[in-house]
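Please look at the sequence and the fold together before reading on. The report below takes up a few places where burial and backbone geometry can be described residue by residue.

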Amino acid sequence: MMRLRLKSRSSVEKRGVFPKWFSILHTNAVKDGRLLSTSSAPAFMSSLETSSTLDNESLPEKTKVVICGGGVVGASVAYHLTQLGWGPHTVLLDQGRCGGGTTWHLSGLLGAFKPSLSQVKLAQYSIQLYKDMEAQGLDTGWKQCGSLCVARTKDRLTVFKRMKAQAVSWNIDCELVTPSEALDLCPLIAVSDLQGGLWIPGDGVADPYKICTALISEVKLAGVRVYENCAVHQVHNKDCKVTGVDTSRGSIECNFFVNCAGFWARQVGKMSEPFVKVPLHAVEHYYLHTKPIAGLDPMTPDCSTSRLLPEDWDHFHVLLEQMLLRVPVLGSATLDQLCNGPEAFSPDCKWIVGESPEIQNYFVAAGMKTVGISAAGGVGKATADLIVNGCSPYDLHELDISRFLGLHNNRKFLRDRVREVPGMHYGLIYPFHEFETGRNIRMSPIYPKLRAAGAVFGQVMGYERPSWFDPKFNEVSDTRLDNGYHPYRIAYTKTFGQPPWFDYVRDEYSACREAIGLSDYSSFTKIDILSKGREVVDCLQYLCSNDVDIPLGGIIHTGMQNKLGGYENDCSLVRIAENHSYMMIAPTIQQTRCKVWIQKHLPADGSVTLSDVTSMYTAICIMGPFTRNLLSELTDTDLSPRSFPFFTFKELDVGLANGIRAMNLTHTGELGYVLYIPNEVFKAELPRSLGIFNENWASPACDVSVFKAELPRSLGIFNENWASPACDVSLALHVYTQLIEAGKKYGIRHAGYYAMRAIRVERFYAFWGQDLDTTTTPLECGRSWRVKFDKGKHFIGQEALEKQRSEGVKRMYVQLVLNDHDPEFDLWPCGNEPIYKDGQYVGLTTTTAYGFTFKKQVCLGFVKNLDSKGQAQEVTTEFVLSGNYEVDIAGVRYSAKVNLHSPNLPTQYPDKERGAYLATREEQVTS
């Protein structure tokens with residue numbers, strides 16, 4: 001896809017227009033594998049230096065906030081702090097000149113469409129801010145020239161159709177155009193090979209440097225002290241809270257520090273103890289400049305810059321070829337120069353915002369890539385709100401710096417990943433996209449077994465997690481083995497219709513519901529929370545909206561709310577010991593985030609501690625109607641419902657392994673157990689008659705990562721002296737082998753994450769980060785029965801939830817089953833599809849999956865009651881259950897049946913225990 005910035009549609013009739021410059025964002029290389037940096041600001045800025053910076057004044061001894069970085073993002077943070085009255089309490093520092101870092105060579109593109117609603121809202125705020133600044137007489141270079149996205153393939157056009165459908169919910173004015181209409185909009189382009197395009201008239205361009213200087217001038221008037229040529233050397237903290245900053249011009253005591261250092265942000269993160277990990281790496285970003293063009297349309301974007309890095313025409317050539325194909329007139333233009341400047345990217349191609357996990361009151365706003373001005377306004381406001389108010393009106397979880405682990409800041413990992421990441425800007429991204437770099441970092445001890453069983457892997461938080469299994473793929477001769485390993489396969493979809501893994505997931509789903517499915521849950525976040533007495537109970541009662549003071553061995557599902565009532569965490573708590581010990585199970589993506597949230601609210605006296613034990617346990621889930629029979633064969637413990645009921649915990653022996661934490665739940669509503677197996681080894685005399693050894697397997701005593709694991713002799717790491725079956729055996733591998741062998745007669749089958757997703761969507765289970773976020777409350781998503789207002793202990797967010805309970809909710813979580821969708825030929829829903837009720841827009845889907853029991857597409861989402869002005873009114877059960885629903889998939893609306901409760905799915909083996917637990921709304925609501 002090529003994206004062109006154009007004149008407004010009203011001036012389409014003016015022909016012969018030629019842009020002076022062209023920005024290429026699709027850059028996917030790192031110069032010689034090195035971190036790119038610059039030693040000075042471009043020469044042209046010397047004449048733009050503002051005279052009112054405090055170059056000769058000493059730093060104040062004390063202030064509230066110190067901002068490191070005088071680019072457009074740092075200036076925006078300062079500006080929004082002044083809007084909240086903190087101007088006189090804010091100091092902004094820059095090692096060179098304000099706007100002299102990456103700001104001066106940002107692309108200047110201002111587009112509202114972004115990959116998610118949160119980013120869209122931030123970008124829309126930015127655009128409105130710059131418009132308002134222009135209206136106030138501040139020069140920002142804003143031109144509302146519109147943007148045209150063009151599609152050469154049907155799949156690209158499908159993306160545009162989905163964008164057009166989403167536009168109603170994201171409040172973006174746009175329209176699909178034919179190739180001929182695209183030519184009318186932009187007479188410069190060749191359209192013979194195009195399928196169509198998307199015209200977004202509200203988009204535009206602005207001058208990043210002018211915006212930066214305008215913001216700087218405003219913040220100075222509001223009392224912010226700005227110091228140029230002042231480099232940060234050290235950020236100090238006490239008890240992991242910011243206390244001050246050392247600079248090249250002295251020290252400042254402060255309460256808050258904001259790292260807005262652009263592609264230097266990672267280096268600045270190292271200027272503290274402990275380090276603040278800011279996973280960024282720079283790549284080359286190119287502009288092609290032409291000589292001035294006579295008669296240039298006034299709405300054509302203009303740019304005047306100097307380059308920082310050497311020209312690399314060989315590198316740029318492949319992009320130039322595509323430019324000439326799309327804009328043939330470029331072939332006769334006089335080229336001026338190729339501008340090559342560094343831009344920093346994060347490992348997942350998203351912005352980095354929020355408070356650091358390592359040091360409280362240390363905030364980061366960096367990694368804006370080449371679209372810094374699109375992000376700057378909204379990110380500046382969000383960061384200022386977090387500093388002053390402790391929360392933001394935006395849901396920032398997908399941008400929060402706490403979405404990362406230490407592994408993401410590894411220099412080699414970053415260098416490898418950023419070769420791949422920038423291409424996502426305009427790449428064709430299919431559902432369930434997987435990165436191909438930075439793989440095989442975190443693996444459970446049973447990973448080799450899963451790989452041999454045909455696993456096709458996805459990755460989350462560095463963990464390799466099976467997405468689905470192709471059991472026949474490895475049923476071939478050893479010629480397919482690579483040094484003893486079965487082939488490693490990364491999950492793929494690469495279609496917007498029926499995916500290639502459909503049949504595999506269907507069979508796995510069937511096993512989980514009618515036989516036994518086995519899944520690896522090892523990636524789930526696992527945290528032990530401890531105290532000597534009841535302090536841990538009191539602490540969790542404050543953190544959790546449910547009543548966690550449950551009997552020993554009980555499991556409770558609860559949210560941890562913020563002060564606005566939204567979900568900061570959604571987890572299961574297992575009471576391990578009567579007074580002093582809980583184990584928390586939370587979503588994989590929450591490993592850093594939920595730990596930081598809990599740590600912030602622990603008693604100051606240290607009476608409650610937590611320990612991240614995620615890597616200390618392998619979690620194997622078995623689900624299906626025969627799981628109790630299977631597990632009973634491997635343990636002496638009574639597993640009858642009376643002795644081991646649903647939602648309880650026991651410590652079991654399984655086979656020869658002991659100390660296994662067994663949970664009677666599956667996180668999908670199916671019968672089954674999750675076995676948390678300590679990652680340790682035990683001595684065992686294993687006779688060959690057990691059948692786990694054969695001529696290709698040697699002693700299972702070898703290290704894989706930090707674990708002991710069975711591996712095939714063909715790996716070449718064994719010798720004849722290691723062939724004895726008397727050896728160290730991984731507990732997890734032992735339990736896995738026992739389950740597989742004993743489960744054969746029950747039809748046990750491996751099941752991947754996609755099958756789990758299908759089950760939980762069909763059963764109407766909400767997951768944090770997919771359906772729930774920091775703005776979603778339990779009352780909105782049908783979990784009011786999990787909020788115990790009368791438990792006798794105040795909890796975070798209680799006032800907000802009590803207010804919502806009395807006033808009514810403004811949106812309601814629903815399940816929609818599509819009636820007339822053909823899964824073989826129609827485009828599939830994949831989230832963010834608009835929901836219509838009686839022809840009127842009412843909401844958006846969150847998670848979708850094919851329901852193999854319903855034999856229909858199933859969508860989860862939220863419904864609102866919007867008045868004629870688009871304002872949300874109270875949503876009642878009667879409102880939701882009346883009317884006719886439709887879901888819009890890329891412009892085609894499909895009728896749907898709405899559900900407000902978890903459905904009872906038919907099965908060959910009905911069970912009262914399975915049917916009794918409803919994840920969404922305790923009392924069944926019927927139409």
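What follows describes a helix, a loop histidine and some backbone angles in this predicted model.

**A helix and its cover**

Helix H13 spans residues 593-600, and within this helix Arg593, Cys594, Val596, Trp597 and Ile598 are buried. The elements that cover these buried residues include two helices or strands that come before H13 in the chain, strand E22 (525-531) and helix H12 (535-543), and they also include strand E26 (608-612).

**A histidine in a loop**

His667 lies in the loop that joins strand E29 (657-663) to strand E30 (672-678). Is this residue, His667, buried or exposed? His667 counts as buried because its relative accessibility is 16%, and the cut-off for buried is under 20%. Leaving aside residues up to four places away in sequence, His667 touches Tyr521, Phe524, Ser572, Ile585, Val674, Tyr676, Tyr765 and Phe767.

**Backbone angles**

Most residues other than glycine have a negative phi, and most peptide bonds are trans. Two residues with positive phi are set out here.

| Residue | Phi | Loop between |
|---|---|---|
| Lys494 | near 55 degrees | strand E20 (463-469) and helix H11 (502-514) |
| Phe764 | near 65 degrees | helix H16 (753-762) and helix H17 (798-807) |

Lys494 counts as exposed because its relative accessibility is 60%, whereas Phe764, at 0% relative accessibility, counts as buried. The peptide bond from Glu273 to Pro274 is cis, with omega near 10 degrees, and Pro274 sits in the loop between helix H6 (265-269) and strand E15 (281-290).

Conventions:
Residues numbered from 1 in each chain as written. Predicted model: local features only at pLDDT ≥ 70, side-chain atom pairs only at ≥ 80, totals over all residues. Heavy atoms only, no water. Buried < 20%, exposed > 50% of the residue type's maximum accessible area, 1.4 Å probe, protein only. Helix = DSSP H or I, 4+ residues; strand = E, 2+ residues; numbered from the N terminus. Contact = heavy atoms within 4.5 Å.
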